[in-house]
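Thanks for asking me to look through this structure with you. Please keep the 3D view open and find each residue as we come to it.

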Amino acid sequence: MVSMDDLILISVDDHVVEPPDLFEGRLPAKYVDAAPKVVTKDDGTDVWVYDGTEIPNIGLNAVAGRPPEEWGFEPTAFSEIRDGCYDVDKRVDDMNVNGVLASVNFPSFPQFCGQLFSRSKDLDAGLAMVRAYNDWHIDGWAGAHPGRFIPLSIPPIWDPALMADEVQRVAAKGCHAVTFSENPSKLGWPSWHQVEHWDPFFAACQDAGTAILLHIGSSSSLVRTAPDAPIDVMIALQPMNTMQALADVLYSGVLQRYPDLRIVLSEGGIGWIPYILERVDYVYQRHNSWLGRDFGDQLPSQIIKEHVTFCFIDDHVGIELRDHVGIDNITWECDYPHSDSSWPNSPESVMKHLDGLTREEIDKITHRNAMRVFDFDPFTHIDPAAATVGALRAQATHVDVTFRSSERLKNSPKASDINEVLRKANKKG
């Protein structure tokens, strides 16, 4: 059995709360005044302001280091969240104390696939913001600590030709991952099934060896069973977004059109994968005589396993069924600093899943699969002996992980309060 201290962990899904100086020195002169800015409101909260719109930092997106009873949806301030959320040096400290070697960091205020900038009044300015954001993320954030971050770009989603250009531009800077929407039709763009619309983007990703990441909520919507369903229902059913996205990707034909394309489904879990693989094969074998779908000489499940990577935070069933999921398709995530995160006890959490696994299986799940999918080799910068949980934690004895409370956030709206508001609103019609 591999010891916990000997694990090497790469998280394929974490998040960054962007620092206020993100755009400084990264924009053409004519767009400097149009850049998003952080403004402190009278109530003490910090918001980003762009094109006259306020985008708050929502407390639930940065709960690392906060008592769970203070979690909520209230806007917060930089002073109320952990420094590692937005300070790259402190983030590395928080990674070290959690034994995590490297991570992918999804955006926050621009939204998961940069859709904020698609709503720019001047789309030329929006494109400048996308490029500046990507330059900051690649050079200023990931570049500050080589080997510790897998760079991730956002796309100018309103124009597939511009998306293709940006994929190629950032690939030249060493970035081989891009966020995209699990369901672009929910954002007002053509769906996955309109492959021709997105062709320039998909072709560029294939040519550049760039993985396309689909995070739950990247359609700006979650599964809601009824107008008065409590928040718990939406949280429990979040993986259903990922299941829907997988079906769209499969039946859109994009994976046959682009045989080297890589898709990553972020924060959807893996326990449901064996069923959907069985289901799509059943549908194909049972119904294809009248549906006329052509998967060539492969079953749908084989196509999925060749192209799609999944990840988990806590998923004992999925690990037990790993042979059905595909051991080469499983990666791990920490989800720092969100509310589902296992920080600062990720190694302890992961170890509960590894009993009975071979060393090869463990290495694939904890880091090797991520290195392959993202064309990322941290060991060109960091000696493997210094990359283990034990070695990283030894560098972080100074890091304080005790909870830090906020008097203001103690009184923030709780789920029960929000559920009551929803019920009253629906009762009024």
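Here are my notes, point by point, on salt bridges, helices, open and closed spaces, and some backbone details.

1. Before anything else, please remember that this is a predicted model. Everything below describes that model, so treat the values as computed ones.

2. Let's start with charged pairs. Side chains of opposite charge can pair when their charged atoms come close. In this model the count of salt bridges comes to 14. Take Arg 131 and Glu 166, whose closest N and O atoms are 3.7 Å apart. Arg 131 sits in helix H3 (residues 123-141) and Glu 166 in helix H4 (residues 160-171), so this pair links distant parts of the chain, 35 residues apart. The two partners have their own surroundings: Arg 131 is partly exposed at 34% relative accessibility, while Glu 166 is buried at 3%.

3. That pair belongs to something wider. Which residues are linked with Arg 131 and Glu 166 in a network of salt bridges? The other members are Asp 135, Asp 139, Arg 169 and Lys 173. Try showing these side chains together in your viewer.

4. Next, please look at Arg 322 and Glu 361, a salt bridge with its closest N and O atoms 3.2 Å apart. Because Arg 322 is in helix H12 (residues 322-325) and Glu 361 is in helix H14 (residues 359-373), the pair ties together parts that are 39 residues apart in sequence. Both Arg 322 and Glu 361 are buried.

5. H14 takes part in another salt bridge, between Asp 328 and Lys 364, where the closest N and O atoms are 2.7 Å apart. Asp 328 lies in the loop between H12 and strand E11 (330-332) and Lys 364 lies in H14, so parts 36 residues apart in sequence are tied together. Asp 328 is partly exposed, with a relative accessible area of 36%, whereas Lys 364 is among the buried residues of H14.

6. While you are at H14, follow its axis. The end C-alpha atoms of H14 are 20 Å apart, which agrees with the 21 Å that its 15 residues should span at 1.5 Å a residue. Even so, H14 has a kink of about 60°, centred on Ile 365. How many of the 15 residues of H14 are buried? The number is 11, and H14 is mostly covered. Following H14 comes Asp 375, with a positive phi near 50°.

7. Helix H9 (residues 273-291) makes a good companion case. A straight helix of 19 residues would span 27 Å, but the end C-alpha atoms of H9 span only 23 Å. H9 also bends by about 45° at Gln 285. Its buried residues include Ile 273, Leu 277, Val 280 and Tyr 284. The buried residues of H9 pack against helix H7 (238-252), helix H10 (300-307), strand E10 (308-312) and H12. Just after H9, Gly 292 has a positive phi of about 75°.

8. Now for the spaces. The largest pocket has a volume of about 1300 Å³. It is lined by 39 residues, and the closest to its centre are Leu 60, Asn 61, Phe 73, Leu 222 and Gln 238. Strand E4 (53-56), helix H2 (115-118) and helix H6 (231-236) each give two or more residues to this lining. H6 gives the most, with three residues.

9. A search of the whole structure also finds one cavity of 30 Å³ or more. The largest cavity holds about 50 Å³ of space. Its lining includes Asp 14, Arg 91, Tyr 336 and Trp 343. Helix H1 (88-97) and strand E5 (100-106) each give two or more residues to the lining, and the largest share, three residues, comes from H1.

10. Finally, some backbone details. Most residues other than glycine have a negative phi, and most peptide bonds are trans. The bond from Tyr 336 to Pro 337 is cis, with omega near -5°, and the bond from Trp 343 to Pro 344 is cis, with omega near 0°. Pro 337 lies in the loop between E11 and helix H13 (346-351), and Pro 344 is in the loop between E11 and H13. Gln 111 has a positive phi of about 75°, and Glu 267 has one near 65°. Is each buried or partly exposed? Gln 111 is partly exposed at 24% relative accessible area, while Glu 267 is buried at 10%.

Technical notes
Residues are numbered from 1 along each chain as its sequence is written. This is a predicted model: local features need pLDDT of at least 70, side-chain atom pairs count only at pLDDT 80 or more; totals for chains, interfaces and linings use all residues. Side-chain values use heavy atoms; hydrogens and water are left out. A salt bridge is a side-chain nitrogen of Lys or Arg within 4 Å of a carboxyl oxygen of Asp or Glu. Helices (H or I, at least four residues) and strands (E, at least two) are DSSP runs, numbered from the N terminus. Buried means under 20% relative accessible area, exposed over 50%, partly exposed in between (1.4 Å probe, protein chains only). The expected span of a helix is 1.5 Å times one less than its number of residues. The bend at a residue is the angle between axes fitted to the seven residues ending there and the seven starting there. Contact means heavy atoms within 4.5 Å. On a 1 Å grid over the protein atoms alone, a cavity is a set of points where a 1.4 Å probe fits but cannot get out, and a pocket is an open set with protein on both sides within 12 Å along at least five of seven lines; lining residues have an atom within 4 Å of a point. Grid points are joined across faces, edges and corners, and a volume is the space filled by probe spheres set on the points.
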